[in-house]
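I sat down with a structure that was new to me and kept a few notes. Here they are, in the order I looked things up.

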Amino acid sequence: MPDIATTIAIKLIQRESVTPEDGGCQNYIESLLAPLGFVRTHVDTGGITNSIYTRTGELPGTLAFAGHTDVVPTGPVEQWQQPPFSAEIIDGILHGRGAQDMKGAIACWIAAIAELCGEYTPLPTLQLLITSDEEGDSIDGTIRIVEHMQAAATLPDAVIIGEPSCSNSVGDTIRRGRRGVVQVRATIHGKQGHSAYPQDADNAIHRAAPALARIAAIKWGEPSAGFPATSCQITNISGGTGASNVIPGHCDAFIDIRYNPGNSFDEIRAAIEAACADCECTLDFDHVATAFSTPDGPFLDLVCGSILRVTGTETLRDTGGGTSDGRFLAAAGIPVAELGTTNSSIHQVNEQVAVSELATLTAIYSDIIKHFEVLA
Ligand SMILES: [Zn+2]
């Protein structure tokens, strides 16, 4: 007989919820939380299922858990050893899409609350912020939940995000921030002409090459603590007609910048524009994700302390990986820690998680909730 967390994880995986579908997951979550005293607030937007589940606590302070019920597509079903939504346990391993990312973590958080409520443990106010738009565009997901909470003045004091943060064992890594992302589409303009008559043309590649070299050589300064240096990569370049005797009239380039919180979007845009100042060009900036970082302090100490008590593991406070919904919560001034299962099979065929990991994660979550205090 599986434990509570595993039982809930199975039920969630069996509800097919490929992004942006929720597949009935959040109604199932409501059926688990309502008997524990949670009230659900719907923040559905643009066809996305968003919910805030709130249980008013006996203790001061509000601790939130944020997560998503949507999963990425399965990929080739025939490559799965088990059907991706069957949620079978074989030799202590739970198989299925979402096992690590991140139905397993949602199940662990609910199991931890259920156990604490069953023990009549006094608790802070608890919120679950659940969206079905994390793996997709993230346009109508967590950001709408944050907007709702800002308007209603119900923002939490801190948030745990259940993203699979761990490398080899549960608790070895949390993410306390993420780099930001800026993408630039650059078109350098010239005048097309015959290569034998350069006086009548203006070679766009000749104009682009030094500008791109200047972009590649930009010094972005010292990275902020705990973050890798800002990386600016020219990822595509194209120009010319394919004929060797035609001077190109334009040259296109894509630039991808992963920036740490020591840099800002405005600073990045200004630096790229300055590098291109002497050519006629069109620069199209897309600020894909804002960098965020939760500083060392009581909340991260609490999370790492709980991990240490439960597992004996010293935790790496990391900022790696792509972006996450943490950026929307951090932008509202909320301390963010991402802590979930290991991430060895996320987005792959044969996604799976060890049942023992779910038990460990549940124990850590329980310890965090029990020791949560209002953060000064
Ligand atoms: Zn995820």
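I began with empty space: on a 1 Å grid over the protein atoms alone, a cavity is a set of points where a 1.4 Å probe fits but cannot get out, and lining residues have an atom within 4 Å of a point. Grid points are joined across faces, edges and corners, and a volume is the space filled by probe spheres set on the points.

I noted that this is a predicted model, where local features need pLDDT of at least 70, side-chain atom pairs count only at pLDDT 80 or more, and totals for chains, interfaces and linings use all residues. Residues are numbered from 1 along each chain as its sequence is written, and side-chain values use heavy atoms, with hydrogens and water left out.

**Cavity.** I found one cavity of 30 Å³ or more. The largest cavity holds about 50 Å³ of space. Its lining includes His68, Met102, Glu134 and Glu163.

**Zinc.** Next I looked up the donors, meaning N, O and S atoms within 2.8 Å of the metal (3.2 Å for Na, K and Ca); water is not among the atoms, so sites may look incomplete. For the zinc ion I read His68 (NE2), Asp101 (OD) and Glu163 (OE), the last listed twice, at 1.8 to 2.7 Å. The donor residues follow the spacing H-x32-D-x61-E.

**Burial.** Are histidine 68 and aspartate 101 buried or exposed? I found both buried (under 20% relative accessible area, with exposed over 50% and partly exposed in between, 1.4 Å probe, protein chains only).

Technical notes
1 Å grid on protein atoms, 1.4 Å probe; cavity = no way out; pocket = protein on both sides within 12 Å on 5 of 7 lines; lining within 4 Å.
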